Amino acid sequence: MPLTTSRPKPLLPVANRPVMAQGLQTLRHIGITAACVNVSYHGGQIMEAFGDGRAHGMRLHWSQEEEPTGTAGGMKRMQSLLGDDQVVIIAGDAMLDLDLVPLLAAHRACGAFATLATVTVSDPSEYGVVVTDAEHRIMHFQEKPAPGTEISHQANTGIYIFEPGIFDLIPAGEFCDFALNVFPEILRRQLPFFAFPLEGYWTDIGNPADYLQANLDYLAGGIRVEGRGQRVNGNLIARDVSVAGAKLVQCVIGDDVVLPRGTDLTRCVVWPGTVLPEACCMTSAVLTPEGSYQVEGKTARVIDIPITV
(Lines give C-alpha, C1' and ligand atoms only; values in the text may rest on other atoms or scores of the structure.)
Protein backbone atom coordinates (compact mmCIF):
# COMPACT_ATOMS: atom_id res chain seq x y z
CA MET A 1 0.00 0.00 0.00
CA PRO A 2 -0.81 2.55 -1.26
CA LEU A 3 0.30 1.22 -4.68
CA THR A 4 -1.98 -1.81 -4.27
CA THR A 5 -5.13 0.12 -3.39
CA SER A 6 -6.65 -0.38 -6.83
CA ARG A 7 -4.67 -3.33 -8.17
CA PRO A 8 -3.14 -6.50 -6.72
CA LYS A 9 0.61 -6.85 -6.24
CA PRO A 10 1.03 -9.58 -8.92
CA LEU A 11 -0.02 -6.99 -11.51
CA LEU A 12 2.38 -4.24 -10.46
CA PRO A 13 4.61 -3.58 -13.47
CA VAL A 14 8.35 -4.16 -13.25
CA ALA A 15 10.11 -3.35 -16.52
CA ASN A 16 6.59 -2.77 -17.89
CA ARG A 17 5.50 -6.37 -17.32
CA PRO A 18 3.35 -7.69 -14.45
CA VAL A 19 5.42 -9.20 -11.67
CA MET A 20 3.55 -12.51 -11.99
CA ALA A 21 4.71 -12.89 -15.60
CA GLN A 22 8.26 -13.39 -14.39
CA GLY A 23 7.14 -16.17 -12.06
CA LEU A 24 5.50 -17.98 -14.95
CA GLN A 25 8.65 -17.57 -17.01
CA THR A 26 10.65 -19.12 -14.15
CA LEU A 27 8.35 -22.16 -14.16
CA ARG A 28 8.58 -22.55 -17.94
CA HIS A 29 12.37 -22.63 -17.66
CA ILE A 30 12.16 -25.88 -15.66
CA GLY A 31 9.66 -27.44 -18.06
CA ILE A 32 6.40 -26.63 -16.27
CA THR A 33 3.71 -25.64 -18.77
CA ALA A 34 0.59 -25.82 -16.59
CA ALA A 35 -0.07 -24.10 -13.28
CA CYS A 36 -2.85 -23.67 -10.74
CA VAL A 37 -3.21 -20.12 -9.46
CA ASN A 38 -4.94 -19.28 -6.19
CA VAL A 39 -6.19 -15.68 -6.00
CA SER A 40 -8.09 -13.55 -3.53
CA TYR A 41 -7.46 -9.78 -3.29
CA HIS A 42 -8.54 -8.19 -6.60
CA GLY A 43 -8.42 -11.73 -7.99
CA GLY A 44 -10.68 -10.88 -10.92
CA GLN A 45 -8.09 -8.45 -12.24
CA ILE A 46 -5.41 -11.15 -12.19
CA MET A 47 -7.62 -13.67 -13.97
CA GLU A 48 -8.57 -11.12 -16.62
CA ALA A 49 -4.94 -10.13 -17.19
CA PHE A 50 -3.61 -13.68 -17.63
CA GLY A 51 -6.67 -15.55 -18.89
CA ASP A 52 -5.94 -19.13 -19.88
CA GLY A 53 -2.21 -18.41 -19.87
CA ARG A 54 -1.53 -19.09 -23.54
CA ALA A 55 -0.04 -15.64 -24.08
CA HIS A 56 2.59 -16.61 -21.49
CA GLY A 57 3.21 -20.11 -22.78
CA MET A 58 1.23 -21.73 -19.96
CA ARG A 59 -2.08 -23.41 -19.26
CA LEU A 60 -3.55 -21.76 -16.19
CA HIS A 61 -6.26 -23.09 -13.88
CA TRP A 62 -7.80 -20.68 -11.41
CA SER A 63 -9.04 -20.93 -7.84
CA GLN A 64 -10.62 -17.79 -6.36
CA GLU A 65 -11.12 -17.50 -2.61
CA GLU A 66 -13.79 -15.31 -1.08
CA GLU A 67 -12.00 -15.55 2.26
CA PRO A 68 -8.27 -16.37 2.33
CA THR A 69 -7.49 -19.82 3.69
CA GLY A 70 -3.75 -19.35 4.15
CA THR A 71 -0.76 -20.25 2.02
CA ALA A 72 -1.25 -23.99 2.56
CA GLY A 73 -5.04 -23.87 2.64
CA GLY A 74 -5.04 -22.24 -0.78
CA MET A 75 -2.97 -25.10 -2.19
CA LYS A 76 -5.24 -27.68 -0.53
CA ARG A 77 -8.20 -26.19 -2.44
CA MET A 78 -6.45 -27.13 -5.69
CA GLN A 79 -5.51 -30.69 -4.73
CA SER A 80 -7.82 -32.27 -7.30
CA LEU A 81 -6.18 -30.21 -10.05
CA LEU A 82 -2.64 -30.90 -8.90
CA GLY A 83 -3.17 -34.65 -8.65
CA ASP A 84 -0.46 -36.98 -7.36
CA ASP A 85 2.50 -35.20 -8.91
CA GLN A 86 5.40 -33.40 -7.28
CA VAL A 87 4.34 -29.81 -6.62
CA VAL A 88 6.41 -26.65 -7.18
CA ILE A 89 5.09 -23.55 -5.40
CA ILE A 90 6.08 -19.95 -6.11
CA ALA A 91 4.54 -16.67 -5.02
CA GLY A 92 2.87 -14.70 -7.78
CA ASP A 93 3.80 -11.38 -6.22
CA ALA A 94 7.61 -11.74 -5.95
CA MET A 95 10.12 -10.43 -8.46
CA LEU A 96 12.70 -13.07 -9.20
CA ASP A 97 15.46 -14.02 -11.58
CA LEU A 98 16.40 -17.48 -10.33
CA ASP A 99 17.25 -20.80 -11.91
CA LEU A 100 15.27 -23.53 -10.14
CA VAL A 101 17.04 -26.41 -11.91
CA PRO A 102 19.63 -26.82 -9.09
CA LEU A 103 16.84 -26.76 -6.50
CA LEU A 104 14.97 -29.57 -8.25
CA ALA A 105 18.16 -31.58 -8.58
CA ALA A 106 18.99 -31.15 -4.89
CA HIS A 107 15.45 -32.12 -3.87
CA ARG A 108 15.70 -35.37 -5.81
CA ALA A 109 19.25 -36.15 -4.72
CA CYS A 110 18.33 -35.81 -1.03
CA GLY A 111 15.14 -37.83 -1.33
CA ALA A 112 13.39 -34.86 0.21
CA PHE A 113 9.77 -34.75 1.27
CA ALA A 114 9.88 -30.96 1.15
CA THR A 115 12.47 -28.44 -0.03
CA LEU A 116 12.52 -24.67 0.05
CA ALA A 117 14.73 -22.06 -1.60
CA THR A 118 16.51 -19.36 0.36
CA VAL A 119 18.42 -16.21 -0.51
CA THR A 120 20.86 -14.27 1.64
CA VAL A 121 19.48 -10.95 2.92
CA SER A 122 21.22 -8.22 4.90
CA ASP A 123 18.11 -7.33 6.95
CA PRO A 124 16.13 -10.46 7.94
CA SER A 125 13.53 -8.53 9.97
CA GLU A 126 10.98 -8.61 7.12
CA TYR A 127 11.34 -12.30 6.33
CA GLY A 128 11.14 -15.76 7.76
CA VAL A 129 14.68 -17.13 8.13
CA VAL A 130 15.96 -20.69 8.08
CA VAL A 131 18.75 -22.54 9.91
CA THR A 132 20.13 -25.75 8.38
CA ASP A 133 22.78 -28.28 9.27
CA ALA A 134 25.82 -29.08 7.13
CA GLU A 135 23.70 -31.33 4.87
CA HIS A 136 21.11 -28.54 4.34
CA ARG A 137 18.51 -30.29 6.48
CA ILE A 138 16.26 -27.70 8.13
CA MET A 139 16.71 -27.41 11.89
CA HIS A 140 14.89 -24.20 12.87
CA PHE A 141 12.71 -21.38 11.56
CA GLN A 142 12.42 -17.82 12.83
CA GLU A 143 9.67 -15.52 11.58
CA LYS A 144 10.55 -11.84 11.01
CA PRO A 145 13.12 -11.53 13.80
CA ALA A 146 13.63 -8.15 15.47
CA PRO A 147 16.91 -6.50 14.43
CA GLY A 148 19.79 -8.07 16.31
CA THR A 149 17.86 -11.23 17.27
CA GLU A 150 18.11 -13.08 13.96
CA ILE A 151 19.51 -16.60 14.01
CA SER A 152 20.15 -16.63 10.25
CA HIS A 153 20.37 -14.41 7.20
CA GLN A 154 18.90 -17.07 4.90
CA ALA A 155 15.43 -15.82 3.98
CA ASN A 156 12.61 -18.13 2.96
CA THR A 157 11.62 -17.10 -0.60
CA GLY A 158 8.26 -18.88 -0.63
CA ILE A 159 9.57 -21.20 -3.37
CA TYR A 160 8.83 -24.78 -2.36
CA ILE A 161 9.01 -28.29 -3.78
CA PHE A 162 6.71 -30.86 -2.19
CA GLU A 163 6.07 -34.54 -2.63
CA PRO A 164 2.32 -35.30 -3.02
CA GLY A 165 2.13 -36.53 0.58
CA ILE A 166 2.17 -32.88 1.65
CA PHE A 167 -1.60 -32.80 1.20
CA ASP A 168 -1.99 -35.25 4.08
CA LEU A 169 -0.64 -32.55 6.41
CA ILE A 170 -3.11 -29.87 5.34
CA PRO A 171 -6.67 -30.04 6.70
CA ALA A 172 -9.48 -29.37 4.22
CA GLY A 173 -11.74 -26.39 4.69
CA GLU A 174 -9.58 -24.72 7.34
CA PHE A 175 -7.13 -21.83 7.42
CA CYS A 176 -3.63 -23.30 7.21
CA ASP A 177 -0.28 -21.59 6.79
CA PHE A 178 2.93 -23.27 5.63
CA ALA A 179 5.21 -21.41 8.04
CA LEU A 180 2.91 -21.51 11.06
CA ASN A 181 1.27 -24.93 10.69
CA VAL A 182 2.73 -27.23 8.02
CA PHE A 183 6.48 -26.72 8.45
CA PRO A 184 6.41 -27.33 12.24
CA GLU A 185 4.49 -30.55 11.57
CA ILE A 186 7.09 -31.69 9.02
CA LEU A 187 9.82 -31.07 11.61
CA ARG A 188 7.81 -32.85 14.32
CA ARG A 189 7.44 -35.92 12.13
CA GLN A 190 11.15 -35.75 11.22
CA LEU A 191 10.40 -35.98 7.52
CA PRO A 192 13.25 -35.17 5.08
CA PHE A 193 13.05 -31.37 4.94
CA PHE A 194 15.78 -29.34 3.24
CA ALA A 195 16.64 -25.75 2.29
CA PHE A 196 19.11 -24.68 -0.37
CA PRO A 197 20.42 -21.18 -1.14
CA LEU A 198 19.95 -19.99 -4.71
CA GLU A 199 22.06 -17.51 -6.62
CA GLY A 200 20.24 -14.76 -8.44
CA TYR A 201 17.71 -12.03 -7.83
CA TRP A 202 14.69 -12.20 -5.56
CA THR A 203 12.55 -9.62 -3.79
CA ASP A 204 8.97 -9.82 -2.56
CA ILE A 205 8.49 -6.08 -3.35
CA GLY A 206 6.96 -5.87 0.12
CA ASN A 207 6.92 -2.08 0.23
CA PRO A 208 6.98 0.85 -2.24
CA ALA A 209 10.75 1.29 -1.89
CA ASP A 210 11.39 -2.36 -2.81
CA TYR A 211 9.03 -2.01 -5.77
CA LEU A 212 10.81 1.08 -7.07
CA GLN A 213 14.20 -0.54 -6.46
CA ALA A 214 13.22 -3.61 -8.50
CA ASN A 215 12.62 -1.37 -11.51
CA LEU A 216 15.93 0.42 -10.93
CA ASP A 217 17.70 -2.94 -10.58
CA TYR A 218 16.32 -3.93 -13.97
CA LEU A 219 17.67 -0.74 -15.53
CA ALA A 220 21.06 -1.43 -13.94
CA GLY A 221 21.15 -4.95 -15.40
CA GLY A 222 20.58 -6.73 -12.11
CA ILE A 223 17.47 -8.60 -13.31
CA ARG A 224 17.55 -10.61 -16.53
CA VAL A 225 13.94 -10.21 -17.56
CA GLU A 226 12.36 -9.27 -20.82
CA GLY A 227 11.21 -5.69 -20.41
CA ARG A 228 8.53 -4.19 -22.63
CA GLY A 229 9.75 -1.20 -24.59
CA GLN A 230 13.03 0.23 -25.82
CA ARG A 231 16.13 1.02 -23.82
CA VAL A 232 16.90 4.70 -24.43
CA ASN A 233 19.78 6.42 -22.61
CA GLY A 234 19.43 4.26 -19.52
CA ASN A 235 15.62 4.37 -19.47
CA LEU A 236 12.96 1.88 -20.56
CA ILE A 237 10.35 3.53 -22.78
CA ALA A 238 7.21 1.64 -23.81
CA ARG A 239 5.24 2.12 -27.02
CA ASP A 240 3.27 5.22 -27.96
CA VAL A 241 5.29 7.51 -25.69
CA SER A 242 6.74 10.77 -26.91
CA VAL A 243 9.75 11.98 -24.93
CA ALA A 244 10.47 15.10 -26.96
CA GLY A 245 11.41 17.89 -24.60
CA ALA A 246 11.37 15.59 -21.55
CA LYS A 247 14.38 14.84 -19.35
CA LEU A 248 14.48 11.26 -18.03
CA VAL A 249 17.15 9.70 -15.81
CA GLN A 250 16.79 6.04 -14.78
CA CYS A 251 13.06 5.85 -15.48
CA VAL A 252 10.62 3.16 -16.58
CA ILE A 253 7.81 4.62 -18.71
CA GLY A 254 4.70 2.53 -19.47
CA ASP A 255 2.44 2.36 -22.51
CA ASP A 256 0.42 5.40 -23.62
CA VAL A 257 2.05 7.79 -21.14
CA VAL A 258 1.92 11.52 -21.89
CA LEU A 259 5.11 13.41 -21.01
CA PRO A 260 4.66 17.12 -21.79
CA ARG A 261 7.58 19.36 -22.62
CA GLY A 262 9.44 20.34 -19.47
CA THR A 263 8.95 16.96 -17.77
CA ASP A 264 11.97 16.16 -15.58
CA LEU A 265 11.95 12.73 -13.92
CA THR A 266 14.75 10.92 -12.08
CA ARG A 267 14.46 7.32 -10.78
CA CYS A 268 10.74 7.19 -11.43
CA VAL A 269 8.26 4.56 -12.60
CA VAL A 270 5.31 5.81 -14.67
CA TRP A 271 2.45 3.35 -15.07
CA PRO A 272 0.60 2.89 -18.37
CA GLY A 273 -1.98 5.52 -19.24
CA THR A 274 -0.59 8.20 -16.93
CA VAL A 275 -0.89 11.79 -18.15
CA LEU A 276 1.56 14.18 -16.51
CA PRO A 277 0.99 17.95 -16.29
CA GLU A 278 3.31 20.56 -17.71
CA ALA A 279 6.70 21.05 -16.06
CA CYS A 280 6.40 17.99 -13.79
CA CYS A 281 9.71 17.62 -11.94
CA MET A 282 10.08 14.59 -9.67
CA THR A 283 12.61 12.21 -8.10
CA SER A 284 12.08 8.70 -6.67
CA ALA A 285 8.36 8.47 -7.34
CA VAL A 286 5.75 6.12 -8.75
CA LEU A 287 3.26 7.91 -11.00
CA THR A 288 -0.04 6.20 -11.82
CA PRO A 289 -3.35 7.18 -13.44
CA GLU A 290 -4.97 6.94 -9.99
CA GLY A 291 -2.41 9.07 -8.14
CA SER A 292 1.24 9.95 -7.66
CA TYR A 293 3.39 8.71 -4.80
CA GLN A 294 6.70 9.96 -3.43
CA VAL A 295 8.80 7.08 -2.12
CA GLU A 296 10.42 7.93 1.20
CA GLY A 297 12.25 5.18 3.04
CA LYS A 298 10.08 2.06 2.84
CA THR A 299 6.83 3.99 2.51
CA ALA A 300 5.15 6.23 -0.04
CA ARG A 301 3.02 9.33 0.42
CA VAL A 302 0.46 10.75 -1.94
CA ILE A 303 1.66 13.89 -3.67
CA ASP A 304 0.09 16.55 -5.82
CA ILE A 305 1.83 17.26 -9.11
CA PRO A 306 3.52 19.21 -10.53
CA ILE A 307 6.13 19.20 -7.82
CA THR A 308 9.81 20.10 -7.74
CA VAL A 309 12.08 17.87 -5.64
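What average pLDDT does the protein reach, and what share of the residues score at least 70? The protein averages 92, and 98% of the residues score at least 70, where pLDDT is the predictor's confidence in each residue, from 0 to 100. This is a predicted model, in which local features need pLDDT of at least 70, side-chain atom pairs count only at pLDDT 80 or more, and totals for chains, interfaces and linings use all residues. Residues are numbered from 1 along each chain as its sequence is written, and side-chain values use heavy atoms, with hydrogens and water left out.

Among the elements of the protein, the highest mean pLDDT, 98, belongs to strand 16 (residues 252-253), and the lowest, 84, to strand 20 (residues 299-303). Helices (H or I, at least four residues) and strands (E, at least two) are DSSP runs, numbered from the N terminus.

I begin at the N terminus. The peptide bond from methionine 1 to proline 2 is cis, with omega near 0 degrees, and proline 2 lies in the segment before strand 1.

Next comes asparagine 16, in the loop between strand 1 (13-14) and strand 2 (17-18). Asparagine 16 counts as buried because its relative accessibility is 10%; buried means under 20% relative accessible area, exposed over 50%, and partly exposed in between, with a 1.4 Å probe and protein chains only. Which residues does asparagine 16 contact, leaving aside neighbours within four places in sequence? They are Arg228, Leu236, Ala238, Val252, Ile253 and Gly254, contact meaning heavy atoms within 4.5 Å. With one of these residues there is also a short distance between polar atoms: the side chain of asparagine 16 has a polar atom 3.0 Å from the backbone oxygen of isoleucine 253. A polar contact is a pair of N or O atoms within 3.5 Å; within protein, one must be able to donate a hydrogen and the other to accept it, and residues adjacent in sequence count only if both atoms are side-chain atoms.

Asparagine 16 also leads us to a pocket. The second largest pocket holds about 350 Å³ of space. It has 16 lining residues, and those closest to its centre are Leu11, Asn16, Arg17, Pro18 and Ala49. Strand 2 and helix 2 (43-50) are the elements that give two or more residues to this lining, and helix 2 supplies the largest share, 4 residues. On a 1 Å grid over the protein atoms alone, a pocket is an open set of points where a 1.4 Å probe fits, with protein on both sides within 12 Å along at least five of seven lines, and lining residues have an atom within 4 Å of a point. Grid points are joined across faces, edges and corners, and the volume is the space filled by probe spheres set on the points.

Helix 1 (residues 19-29) is mostly covered, with 8 of its 11 residues buried. Val19, Met20, Ala21 and Leu24 are among them. Just after helix 1, glycine 31 takes a positive phi of about 90 degrees.

I turn to the aromatic residues. A pair of aromatic rings is described by the distance of the centres and the angle of the planes. Rings of Phe, Tyr and Trp (its six-membered ring) pair if their centres lie within 6.5 Å; planes under 30 degrees apart count as stacked, over 60 as edge-to-face and the rest as tilted. The count by this rule is 11 aromatic pairs. One of them joins tyrosine 160 and phenylalanine 183 edge-to-face, at 5.2 Å centre to centre and 90 degrees between the planes. This pair links distant parts of the chain, 23 residues apart: tyrosine 160 is in strand 10 (residues 154-162) and phenylalanine 183 in helix 6 (residues 178-188). Tyrosine 160 is buried at 8% relative accessibility, and phenylalanine 183 is buried at 1%. Why is the pair of phenylalanine 194 and phenylalanine 196 described as stacked? Their ring centres are 6.3 Å apart and their planes lie at 15 degrees, so the pair is stacked. Ring pairs also link Phe141, Tyr160, Phe162, Phe178, Phe183 and Phe193 into a cluster.

Two loop residues deserve a mention for their backbone. Histidine 136, in the loop between strand 8 (128-132) and strand 9 (138-143), has a positive phi near 75 degrees without being a glycine. Aspartate 256, in the loop between strand 16 and strand 17 (264-270), has a positive phi of about 55 degrees and is not a glycine either.
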